[in-house]
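Reader: I have a model open and want to read its features one by one. Where do we begin?

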Amino acid sequence: MNGFIYMLCAGEAAGTQTPSLQSVILEYVFYAAIIIVGILILALLKKKTRLPTHNELKRRLNVLAESLDRIIASLDKEEGGYDFLREINKLIYTADKLIYAVTLVSERERDTGISSIAQQLETCKNKLAPYKYRTKAKDEADGLKDARADLNAAILAMDSILGRDNELKEKKAKRYNG
């Protein structure tokens, strides 16, 4: 022990400074904090970039359908054109985000059924676009009803995919349990 103290004193006398225990601990605490913050950022990024499940896609399709139904129901009311245009823009934006998510899921799973849902959503969005650019009047509801029909087809396709998923889960459970 005395040799260690002698070396420490000799090192200070020679001009080489050895870090004190407090500074070493402070450095380690600082590095640990950086690592913990980095892990938290990675966890948040993973959560944010996670692709939706089939049930989440179904829920988002239903929300889109409810929004479209609200717009169709509001056609009978005498509202300003701005509210209608704002709702159509929100609906197109939501549909576009959903198309992107569905396309990513279909590429990950290599499932043509899911990619057909993305195509149906794309035709739905294309039927809503004339209302956004005011090439169709608010009173012309045929495009909105056609978009709703395409959305219903996408929902039915998603229901069949969910049914297929349930059958696969049952087969997998039977194989592992029996």
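Author: With Arg148, which sits in helix α6, residues 142–177. Keep in mind that the model is predicted.

Reader: Is Arg148 buried or exposed?

Author: Burial is read from relative accessible area, and the cut-off for buried is under 20%. Arg148 has 17% relative accessibility, so it counts as buried.

Reader: What does Arg148 touch, beyond residues up to four places away in sequence?

Author: Its contacts are Ala65, Leu68, Asp69, Ile72 and Ile155.

Reader: Now helix α4. How do I check its span against its residue count?

Author: Use the rise of 1.5 Å a residue. Helix α4 covers residues 81–109, which makes 29 residues and an expected span of 42 Å. The C-alpha atoms at its ends are 42 Å apart, so the two values agree.

Reader: Which residues of α4 are buried?

Author: Start with the general idea. An α-helix has 3.6 residues a turn, so residues three or four places apart point the same way. In α4 the buried set includes Phe84, Leu85, Ile88, Leu91, Ile92, Ala95, Leu98 and Ile99. Ala101, Val102, Val105 and Ser106 are buried as well.

Reader: What do the buried residues of α4 pack against?

Author: Three helices: α3 (54–74), α5 (112–132) and α6.

Reader: What follows α4?

Author: Arg110 does, with a positive phi near 55°.

Reader: Take one residue of α4. Where does Val105 stand on the accessibility scale?

Author: Val105 belongs to helix α4. Its relative accessible area is 0%, so Val105 is buried. Sequence distance and spatial distance are separate readings. Val105 and Leu51 are 54 residues apart along the chain, yet their C-alpha atoms are separated by 6.6 Å. Setting aside neighbours within four places in sequence, Val105 contacts Leu51, Pro52, His54, Leu57 and Ile114.

Reader: His54 is on that list. Is His54 buried or exposed?

Author: His54 lies in helix α3. Its relative accessible area is 11%, so His54 is buried.

Reader: Which side chain makes a polar contact with the side chain of His54?

Author: That of Glu109, at 2.9 Å. Beyond its neighbours within four places in sequence, His54 has other contacts too, among them Val105, Ile114, Met158, Ile161 and Asp165.

Reader: And the surface? Which residues make the nonpolar patch?

Author: Tyr28, Phe30, Tyr31 and Ile34 make a nonpolar surface patch of about 480 Å². Tyr28 is in helix α2, residues 21–49. The cut-off for exposed is over 50%. Tyr28 has a relative accessible area of 59%, so it is exposed.

Notes. Residues are numbered from 1 along each chain as its sequence is written. This is a predicted model: local features need pLDDT of at least 70, side-chain atom pairs count only at pLDDT 80 or more; totals for chains, interfaces and linings use all residues. Side-chain values use heavy atoms; hydrogens and water are left out. Patches are made of residues with over 30% relative accessible area and no salt bridge: like charges are joined within 9 Å, nonpolar side chains (Val, Leu, Ile, Met, Phe, Trp, Tyr) within 5 Å. Accessible areas come from the Shrake-Rupley method with a 1.4 Å probe; for residues, only the protein chains shown count as cover. A salt bridge is a side-chain nitrogen of Lys or Arg within 4 Å of a carboxyl oxygen of Asp or Glu. Helices (H or I, at least four residues) and strands (E, at least two) are DSSP runs, numbered from the N terminus. Buried means under 20% relative accessible area, exposed over 50%, partly exposed in between (1.4 Å probe, protein chains only). Contact means heavy atoms within 4.5 Å. The expected span of a helix is 1.5 Å times one less than its number of residues. A polar contact is a pair of N or O atoms within 3.5 Å; within protein, one must be able to donate a hydrogen and the other to accept it, and residues adjacent in sequence count only if both atoms are side-chain atoms.
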